[in-house]
Amino acid sequence: MNPHTSDTFDVPAVDIGPYVHGGTDADRARVTGEIDDACTRVGFIQILGHRIPDDVTDGLAGAVDDFFGLPLDEKKQYRVEGANRGYSPPKSESLSLSLGVESASRMNDFFEAFNVGTEARSFTDLDLSESDYGINLWPEVADFRDRVQAYYTEASRVAGVLTRIFSDALGQDPEFFARLTDHSIDVLRMNNYALPEGAVTVDGDLTGMGEHTDFGIVTVLWADCVAGLQVLGGDGVWHDVAPQPGALLVNLGDLTARITNDRWMSTLHRVKPPIVDGTIQRRRSVAFFHDGNVDAVISTLPEFADDECYEPITVRDHIEAKLAGSRQGKANAKAVREAARVLAAAGKQ
Ligand SMILES: O=C(O)CCC(=O)C(=O)O
Ligand SMILES: [Fe+2]
């Protein structure tokens, strides 16, 4: 364990079963109370009772292995310029710039990723632009598409259950989040943290994935059991976090923090995979980002508003500013609150 992290950090576990397969009002009230507590204190939750079948997650992990096992030159054929889709090679992104923290003069994150997501054309009754959503590019890897889509469907279902719980936990009408997400920009990002033996010196700046907050409403994260994910606690210290057996890690994104004026937390996190005998231990994760309708205006609910409220913003404008940071190196000047938290923690690393 990193000497500057601590094992006393608790990511609360919540069994959402009563919202997945039914339960009494009291069971549901227990779930909303626990979710409210976890979102208020931590912003990360271990979710149990999600009922994603093991064979679906096994299929996802196999698809991830098959794709990232391809030679780099082959993977690079799946790059898509200008859209949040396809392959991102190591060191093509710098997540800390999505926060406007000026730590980087080059792209420092060594993760490689493959993104798929919701396409505008799947909403046949709406006039949406593919430039806001993106067209998927599927690699020529046997059964990749079927295996990834099977998991995508499940992750999307779980995100829907979570936002239903959020509506109740925030005392809103049950359809509050459904209205913001009925043509949501959703992206599934498969991450692989691995560099060939001897290929790299992990110096001060190079990192698995730089510190960031997630951009949207909620993220559903599957990760293998290799250490590396670190979460910034309320104590200003980075803590190691791994999923419990059978659990998915869920964290809130910036848009939910805006809706609640930071009563619920969009928590900073980063990935530093362990280095054993000079080699980075391979780690895999798959994040399902549920970001909301491109044209939804995200405003703070009146009951959480105060003098320092966030300005209303469309999902489109918010996501564009964040991606311009991580992908194009344009520091996001609007992430003032998140950047301040990273800088405050810097002295404690
Ligand atoms: O790899 C992980 O555990 C986290 C990945 C992550 O934070 C992200 O993709 O936004
Ligand atoms: Fe993240």
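**Questions and answers on a predicted model**

Q: Where is the place of Asn261?
A: Let's start in this predicted model with a loop residue, Asn261. The loop that holds Asn261 comes between helix H8 (254-259) and S11. Its backbone stands out, with a positive phi near 55° in a residue other than glycine. So the place to look for Asn261 is the loop between H8 and S11.

Q: Is Asn261 buried or exposed?
A: A residue is called buried when its relative accessible area is under 20%. The value for Asn261 is 10%, so Asn261 counts as buried.

Q: Which backbone oxygen does the side chain of Thr260 reach?
A: Thr260 also has its place in the loop between H8 and S11. With 1% relative accessibility, Thr260 counts as buried. Leaving aside neighbours within four places in sequence, Thr260 is in contact with Leu170 and Phe304. At 3.0 Å, its side chain reaches the backbone oxygen of Thr256.

Q: Which residues are the protein donors of the iron ion (ligand 2)?
A: Along the chain, the donors follow the spacing H-x1-D-x54-H. Two of them link distant parts of the chain, with His212 in strand S6 (residues 209-212) and His269 in strand S11 (residues 269-271), 57 residues apart. Both of these histidines are buried. Lying 2.1 to 2.2 Å from the iron ion, the protein donors are His212 (NE2), Asp214 (OD) and His269 (NE2).

Q: How many residues of strand S5 (residues 184-193) are buried?
A: In a regular strand, side chains alternate between the two faces of the sheet. From S5, Ser184, Asp186, Leu188, Met190 and Asn192 point one way, while Ile185, Val187, Arg189, Asn191 and Tyr193 point the other way, and all are buried. S5 is therefore mostly covered under the cut-off of 20% relative accessible area, and its buried residues number 10 of 10.

Q: How many bridges pair S5 with strand S14 (residues 283-293)?
A: On one side, strand S4 (residues 112-117) runs antiparallel to S5 and is joined to S5 by 6 bridges, with Val116 opposite Leu188. S14 is also paired with S5 in the antiparallel sense, and here Tyr193 stands opposite Arg283. The number of bridges between S5 and S14 is 9.

Q: Which residue in strand S10 (residues 248-252) stands opposite Ile45?
A: Strand S2 (residues 44-48) has 4 of its 5 residues buried, so the rest of the structure largely encloses S2. S2 pairs with strand S1 (residues 13-15) in the parallel sense over 3 bridges, and there Asp15 stands opposite Leu48. With S10, S2 runs antiparallel and is joined by 4 bridges. In that pairing, the residue opposite Ile45 is Val250.

Q: How far apart are the end C-alpha atoms of helix H3 (residues 54-68)?
A: H3 has 15 residues, and at 1.5 Å a residue they should span 21 Å. Among its buried residues are Val56, Leu60, Val64, Phe67 and Phe68. The end C-alpha atoms agree with the expected span, because they are 21 Å apart.

Q: What is the phi of Gly171, which follows H6?
A: The 26 residues of H6 should span 38 Å at 1.5 Å a residue, and the end C-alpha atoms, 37 Å apart, agree with that. Before this helix, in the loop between helix H5 (130-133) and helix H6 (144-169), lies Asp143. Asp143 has a positive phi near 60°, in a residue other than glycine. After H6, Gly171 also has a positive phi, near 70°.

Q: Which cysteine holds the sulfur closest to that of Cys309?
A: A search of the whole structure finds 0 disulfides. Cys309 counts as partly exposed because its relative accessibility is 27%. The closest cysteine sulfur to that of Cys309 is 19 Å away, too far for a bond, and belongs to Cys39.

Q: How far apart in space are Val294 and Glu74, C-alpha to C-alpha?
A: Val294 lies in the loop between S14 and strand S15 (297-298), and it is buried, with a relative accessible area of 3%. Leaving aside neighbours within four places in sequence, Val294 has contacts including Leu128, Tyr133, Ile185 and Val315. Val294 and Glu74 are 220 residues apart in sequence, and their distance in space is 32 Å.

Note on methods:
Residues numbered from 1 in each chain as written. Chains lettered and ligands numbered in written order. Predicted model: local features only at pLDDT ≥ 70, side-chain atom pairs only at ≥ 80, totals over all residues. Heavy atoms only, no water. Donors = N, O, S within 2.8 Å, 3.2 Å for Na, K, Ca; no water. Helix = DSSP H or I, 4+ residues; strand = E, 2+ residues; numbered from the N terminus. Buried < 20%, exposed > 50% of the residue type's maximum accessible area, 1.4 Å probe, protein only. Pairing = 2+ DSSP bridges. Expected span 1.5 Å × (residues − 1). Disulfide = S-S within 2.5 Å. Contact = heavy atoms within 4.5 Å. Polar contact = N/O pair within 3.5 Å; in protein donor to acceptor, adjacent residues only side chain to side chain.
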